[in-house]
Amino acid sequence: MFPTPRSDLLPNTFAYETTPLVKPTGFREYDARWLLGPDLNLMGLQALGFGLGTYIHELGERRIVVGHDFRSYSLSVKQALCLGLVAAGCEVLDIGLCLSPTAYFAQFDLSAPCVAMVTASHNENGWTGVKMGASPPVTFGPEEIGRLKGIVLGGAFRERPGGSLTQVQGVGERYIADAASRCILSRPLKVVCACGNGTAGAFAPDALRRMGAEVIEMDCDLDYSFPRYNPNPEDAEMLHSMADAVRAHGADLALGFDGDGDRCGVVDDTGEEIFADKIGLMLARDLAPLHPGAKFVVDVKSTGLYATDEVLAAHGASTLYWKTGHSYIKRKTAEIGALAGFEKSGHFFFGPPLGRGYDCGLTAAAAILAMLDRNPGRRLSDLKRALPTAFTSLTMSPHCGDEVKYGVVEAVVKEYQALAAGGGRILGRRIAEIITVNGVRVALEDGSWVLVRASSNKPEIVVVVESTRSGDDMRALFRDEVKPRLAAHPEVGAYNQEI
């Protein structure tokens, strides 16, 4: 009988080599992530696969796609996971080294309802994790992760005969062809393709060239040491490098992809970064006339301009603000039949006829290039300037332990609720609305807002602010309001970046 996992094992001990180590904190809201070694060992990954296989049998399924990203240890992690899946009686289809959206595509391509993608995404080296799903294009959310956690930590595995493992070739090529088919450019565009030496470097340049772009590769050689920076197009360091490349090459734009290729970051022709919520608004404005009455879903970190945009209103479009997290936005987009969903971190979800509903950086790139192709006399910076004015911050994340971050955010929610109830003001402005669907989003009377929420996949708190007045006011909302409020909680540590 396979041992029940423990959470108190130490490396370089007999118990560590003979017992699964699985720390409970690795089970996040919509995926699973651990530091490999101190938080999870290979037997723990075997337990995770055994538990996942047990769970998908509960759901009436057994056929599952698996793949892995380009990390020094990801193949070993995937192999350990597969041992558990086979023990649970699953039919495992291993598509090899790939992007997360390649694995999602394979669910359709191979008629496999389930997926387990081994990836640490943009996390630093040392992290590993698994993105899972059992009903394409949707991936697991809190309910499914909670059930899986109960099976794994409780050792409630069920061994079944008939498990198998098949190596499947050609899925990556079919994925590139599918993504590239979504845009065939009719005008020349010079595109910087930035991959941060992550997995996307093996796929994105080829796909963009097939779309008709002139591609300038930047950090597209795979190197799991990430010699320049983590492949994360939401971080300032990668964005600044993309901007430098645009200026140096006179490019029309730069497209940056994260470590597992499910996110896309954008820098325009002037070298200015455009965050995904603003790119989403530009896409929504472009698509609304082509799809009257279209629905869009955006996360609570996104700009408030969707709610007031005149172009969207003129074509009967509607926008729903929802919980941050790729699983939440993906699920809600599918649930309400939205044309697209946009998450500020760079996840884009395009429903039929634009996509299959899963988050894919290359599908997002195709949509952006197609938008430019439909506007032949305009550059990306022109489309950005056509948006109403709002000054939105970077996503800033102070460290806060997984065990305490939700308690800190709950306390901040209560502070803001008390401030609103008492008629308090923020930088002289009345609080107009408090949204608590995901942390707390405090909207002010002039349309400005601040957001504080717990990160779903790292030991951090997430902070975003937006001002309708000026960049200086946006910075003041952070420096004079949110930062000192969080500093009053000793559990909150240093920020990964600040405006």
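This section describes the nonpolar cores and the pairing around strand 3 in a predicted model. Local features were taken at pLDDT of at least 70 and side-chain atom pairs only at pLDDT 80 or more, whereas totals for chains, interfaces and linings use all residues. Residues are numbered from 1 along each chain as its sequence is written, and side-chain values use heavy atoms, with hydrogens and water left out.

The largest nonpolar core (buried Ala, Val, Leu, Ile, Met, Phe, Trp, Tyr and Cys residues joined through side-chain atoms within 4.5 Å) holds 76 residues, of which L208, L255, F257 and F342 touch the most other members. Helix 12 (residues 361-373) supplies the largest share of this core, ten residues. Beyond its neighbours within four places in sequence, L208 is in contact (heavy atoms within 4.5 Å) with V191, C193, A213, V215, L255, F257, A365 and L369. Another core lies apart from the largest one and has 36 residues, including F27, L40, F140 and L148.

Helices (H or I, at least four residues) and strands (E, at least two) are DSSP runs, numbered from the N terminus. In strand 3 (residues 91-97), five of the seven residues are buried, where buried means under 20% relative accessible area, exposed over 50% and partly exposed in between (1.4 Å probe, protein chains only). Strand 3 pairs (at least two DSSP bridges) with strand 2 (residues 63-68) in the parallel sense over five bridges; H68 has L97 of strand 3 as its bridge partner. Strand 3 also pairs in the parallel sense with strand 6 (residues 164-167), over four bridges, and L93 stands opposite T166 of strand 6.
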